[in-house]
Amino acid sequence: MRIPSDLAIRSLHERLAPNPTALDLVHTHCVIVAEIAAQLIARDRLDVDADLVRAGCLVHDIGVYRLYRPDGSLDHANYLQHGILGHELLRDLGFPEQLCRFCSCHTGVGITRDDILRQSLPLPPADYIAQTAEERLVMYADKFHSKSTPPKFLTAATYQSEVIRFGHDKAATFAAMVTDYGEPDLELLAATHGHVLV
Ligand SMILES: [Fe+2]
């Protein structure tokens, strides 16, 4: 598979973003997630395709742009759909499935068909679960930064306390990932980007 360059992905963000604020919020978040993943790869010498992980991080939230309304506000009620919207968008642009899946399979710690049916989530019933080592790493790195207003970095403990509202099974899945990967060092990234770490 030909992995798109950072520049090509940046151009795609610029093309899809409805306004400069959305571009800054989403693209910066994607770059930060890529930096977190790169740190984990280097620190633990993870056996992954680092270029694919980077591209996956840079595209994973591209579907968020589709949730902006004409007035510039974000459709929070359907935010959960940003993953499949991104997957469809990349697929329609001719990107390989391997890349599209970073969009649909990074949300939370994975969404199952059972989650969708039991909680009446606004998604077509299916399993949206990270499967490859690269998909798992992108999903994990994403948990440590939020596109909140203002954007912020999250410690593992903070994310753990937030994910519990989606179920104890989700909290257990995240805890197992923290044991597997360890916690990234976020202090320097937070200082570099000027975002708080909570
Ligand atoms: Fe994200």
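Which residue follows α2, and is its phi positive or negative? The residue is Arg45, and its phi is positive, near 45°. Please keep in mind that this is a predicted model. The briefing below starts with the iron site, moves along helix α2, and ends with the salt bridges.

**The iron site**

- Four residues of the protein serve as donors to the iron ion: His29 and His60, each through NE2, and Asp61 and Asp142, each through OD.
- These donors lie 2.1 to 2.3 Å from the iron ion.
- If you like to read sites from the sequence, the donor residues are spaced H-x30-H-D-x80-D.
- Two of the donors tie distant parts of the chain together: His29 belongs to helix α2 (residues 20–44) and Asp142 to helix α7 (residues 133–142), with their positions 113 residues apart in the numbering.
- His29 and Asp142 are both buried.
- The arrangement around the iron ion is irregular, because the 4 donor atoms subtend angles of 83 to 169°.

**Helix α2, from end to end**

- Helix α2 has 25 residues and spans 36 Å from its first C-alpha to its last, close to the 36 Å expected at 1.5 Å a residue.
- At the N-terminal end, Asn19 acts as the cap of α2, with a side-chain oxygen 3.1 Å from the backbone nitrogen of Thr21.
- Just after α2 comes Arg45, the residue with the positive phi.

**Salt bridges**

- Side chains of opposite charge can pair when their charged atoms come close.
- Across the whole structure, a search finds 11 salt bridges, and three of them are described here, starting with Arg54 and Asp6.
- Arg54 and Asp6 pair with their closest N and O atoms 2.7 Å apart.
- That pair links distant parts of the chain, with Arg54 in helix α3 (residues 50–59) and Asp6 in helix α1 (residues 6–16), 48 residues apart.
- Arg54 has 31% relative accessibility, so this residue counts as partly exposed, and Asp6, at 35%, counts as partly exposed too.
- Arg43 and Asp44 also meet through their side chains in a salt bridge, at 3.3 Å from N to O.
- Asp44 is partly exposed because its relative accessibility is 34%, and Arg43 is partly exposed at 40%.
- Glu135 and Arg101 form another salt bridge, at 2.8 Å from N to O.
- This pair again connects distant parts of the chain: Glu135 sits in helix α7 and Arg101 in helix α5 (residues 97–104), 34 residues apart.
- Glu135 is buried, with a relative accessible area of 5%, and Arg101 counts as buried at 17% relative accessibility.

Notes:
Residues are numbered from 1 along each chain as its sequence is written. This is a predicted model: local features need pLDDT of at least 70, side-chain atom pairs count only at pLDDT 80 or more; totals for chains, interfaces and linings use all residues. Side-chain values use heavy atoms; hydrogens and water are left out. Donors are N, O and S atoms within 2.8 Å of the metal (3.2 Å for Na, K and Ca); water is not among the atoms, so sites may look incomplete. Four donors count as tetrahedral if all angles lie between 85 and 135 degrees; four count as square planar and six as octahedral if opposite donors are over 155 degrees apart and all others between 65 and 115; anything else is irregular. Helices (H or I, at least four residues) and strands (E, at least two) are DSSP runs, numbered from the N terminus. Buried means under 20% relative accessible area, exposed over 50%, partly exposed in between (1.4 Å probe, protein chains only). The expected span of a helix is 1.5 Å times one less than its number of residues. A polar contact is a pair of N or O atoms within 3.5 Å; within protein, one must be able to donate a hydrogen and the other to accept it, and residues adjacent in sequence count only if both atoms are side-chain atoms. A salt bridge is a side-chain nitrogen of Lys or Arg within 4 Å of a carboxyl oxygen of Asp or Glu.
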